[in-house]
Amino acid sequence: MTSTSQPGLTRFNTSPDSVALAALREVCASRAWGTSLLARRPYAGLNALLAASDTATGGLDGADLAEALAGHPPIGRPKPGDPASAREQRGMAGAPEELKAEMLELNLAYQERFGHVFLICATGATGEQMRDALKTRIGHTPERERAIVRTELGKINRIRLTRLVAEDDDS
């Protein structure tokens, strides 16, 4: 599964830089992150791509991390017309209105406290799990929260990259 014979990985490795960078910006809005991954092409397999992503995510400075966060909508309000956002936040889609209202309030308080959107790898999480994580994390110091945000961003980037290179040209 990690060979260059994967159609999606081969396509990614051989795409013109502008096409590959556009695809990477759909995964993560940070230009520095995308440029870092682009510079390391071609990748021998998915594991090499994911390791490069981890390294690039770990190396984001404050402005680059802010750029990455700006590409993520608040939990409970996926970006209209963005299937990745809707898929990742599926746990909030059928949540009761009370929970959605509580998440809106908590999201706003979090953003006021930390200056950016609450970021969590929402794939597979229920609305209640996301709410509970938000309630816990709003009490963190800015330094601790920034470390958690970086970890969550890395998880999201890995999921999205895996999906990107798994896509077949014929599908």
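This is a chat about how the helices of a predicted model pack together.

Visitor: Let's start at the beginning of the chain. Which residues of helix H1 are buried?
Guide: Helix H1 covers residues 7–14, and its buried residues are Gly-8, Leu-9, Phe-12 and Asn-13.

Visitor: Where do they sit around the axis of H1?
Guide: They span an arc of only 130° around the axis, so they end up on the same side of H1.

Visitor: And what covers them?
Guide: The cover includes helix H2 (17–27), helix H4 (46–58) and H10.

Visitor: OK, on to H2. Which residues are buried there?
Guide: In H2 the buried ones are Ala-20, Leu-21, Leu-24 and Val-27. Their arc around the axis is only 105°, which puts them on the same side of H2. On the other side of H2, Ser-18 and Glu-26 are exposed.

Visitor: What covers the buried residues of H2?
Guide: H1, H3 and H10 are included in that cover.

Visitor: New topic: the largest nonpolar core. How many residues does it have?
Guide: It has 44 residues. Those with the most contacts inside it are Phe-12, Trp-33, Leu-37, Leu-49, Ile-75, Met-130 and Leu-161.

Visitor: Which helix gives the most to this core?
Guide: That's H10, with six residues. Several other helices each supply at least two, among them H1, H2, helix H3 (31–39) and helix H5 (62–70).

Visitor: Pick one core residue for me. What does Leu-49 touch?
Guide: Leaving out residues up to four places away in sequence, Leu-49 touches Leu-9, Phe-12, Leu-37, Tyr-43, Leu-161 and Val-165.

Visitor: What about Leu-134, is it buried or exposed?
Guide: Leu-134 is buried, with a relative accessible area of 0%. It lies in helix H9 (residues 127–137). Not counting residues up to four places away in sequence, Leu-134 touches Met-103, Leu-106, Asn-107, Tyr-110 and Phe-118.

Visitor: How far apart are Leu-134 and Ile-75?
Guide: They are 59 residues apart in sequence, and 9.8 Å apart in space from C-alpha to C-alpha.

Visitor: Last one: at what angle do H8 and H10 pack?
Guide: About 115°, with the axes of H8 (residues 97–114) and H10 (residues 142–166) 11 Å apart. The two helices are therefore roughly perpendicular to each other.

Visitor: Which residues make that contact?
Guide: Tyr-110, Arg-113 and Phe-114 come from H8, while Pro-142, Glu-145 and Val-149 come from H10. By type, four are nonpolar, none are polar and two are charged.

Methods
Residues numbered from 1 in each chain as written. Predicted model: local features only at pLDDT ≥ 70, side-chain atom pairs only at ≥ 80, totals over all residues. Heavy atoms only, no water. Axes fitted to C-alpha atoms, helices over the stretch in contact; angles between N-to-C directions. Helix = DSSP H or I, 4+ residues; strand = E, 2+ residues; numbered from the N terminus. Parallel < 35°, antiparallel > 145°, perpendicular 65-115°, else oblique. Contact = heavy atoms within 4.5 Å. Nonpolar A, V, L, I, M, F, W, Y, C, P; charged D, E, K, R; others polar. Buried < 20%, exposed > 50% of the residue type's maximum accessible area, 1.4 Å probe, protein only. Arc of directions from axis to C-beta. Core = buried A, V, L, I, M, F, W, Y, C linked by side-chain atoms within 4.5 Å.
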